[in-house]
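Visitor: Could you take me through the aromatic rings in this one, slowly please? I'd like a close look at how they pair up.

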Amino acid sequence: MKLKKKIFMTTMAASLSLALAACGSNGDDSKSTGSMDKNMDGMDHSTMDMSGSKEVPKGLQEAKNPKFKVGDMAMIKEAHMEGMKGAEAKIIGAYDTTAYSISYDPTNGGKRVTNHKWIIQEEIVDAKSSPYEVGDEVKVDADHMKGMKDATATIDSAKQTTVYMIDFESTTGEEVKNHKWVTEDELSAE
């Protein structure tokens, strides 16, 4: 009986989200949940907030020599979620840091999230000054997805790179503002 209730509540929440999304946007920069319920490379991003605020974590340094500068346009080559690959992106910010893919159990329950791309060094609680290694456990300060903030995560991969905050219209028609993060190798010149 509990499972049926959970399925019913999930279905109702999804229906309400779709109904609200169909009502349009008032043009603000509020977070968008959209219909990103597909698995991309084994990643379930159904609770991903595609849009976010322009606020960046404390200590994050602007990139000294980014391939793409603020205001540039670029094509998204990789799909963290449905509608990203092939979309044209406007660069909103470029930052030098270490980017991590992580796996974690959401703090609000639910299925384990594997290979989530990306959180950055500055989104780790009490981050050390040197990069973490594959297999290290960290506490996440980012809230890209429901249940991510304060979760204990395992580092799946790590790379020193330039990460970008981007605006784009997904190939499914959703306007996305201040999306965090894509890495430099996930973008190409138009």
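Guide: Let's go through the ring pairs, then a charge over a ring. First, this is a predicted model, where local features need pLDDT of at least 70, side-chain atom pairs count only at pLDDT 80 or more, and totals for chains, interfaces and linings use all residues. Residues are numbered from 1 along each chain as its sequence is written, and side-chain values use heavy atoms, with hydrogens and water left out.

You'll find three aromatic pairs here (rings of Phe, Tyr and Trp, its six-membered ring, with centres within 6.5 Å; planes under 30 degrees apart are stacked, over 60 edge-to-face, the rest tilted). Take Phe68 and Tyr164: their planes meet at 75° with the centres 5.8 Å apart, so this pair is edge-to-face. Phe68 sits in the loop between strand E3 (61-62) and strand E4 (73-76), while Tyr164 belongs to strand E8 (residues 152-169), so the pair ties together parts 96 residues apart in sequence. (Strands, E, are DSSP runs of at least two residues, numbered from the N terminus.) Phe68 is buried, at 4% relative accessible area, and Tyr164 is buried too, at 0%. (Buried means under 20% relative accessible area, with a 1.4 Å probe and protein chains only.)

Another edge-to-face pair is Tyr95 with Trp181, 5.9 Å centre to centre and 80° between the planes. Tyr95 is in strand E5 (residues 88-104) and Trp181 in strand E9 (residues 175-183), so parts 86 residues apart in sequence get tied together. Tyr95 is buried at 10% relative accessibility, and Trp181 is buried at 0%.

Lastly, the charged end of Lys128 sits over the ring of Tyr132, 4.8 Å from its centre (NZ of Lys or CZ of Arg within 6 Å of the ring centre and within 35 degrees of the ring normal).

Key. Helix = DSSP H or I, 4+ residues; strand = E, 2+ residues; numbered from the N terminus. Buried < 20%, exposed > 50% of the residue type's maximum accessible area, 1.4 Å probe, protein only.
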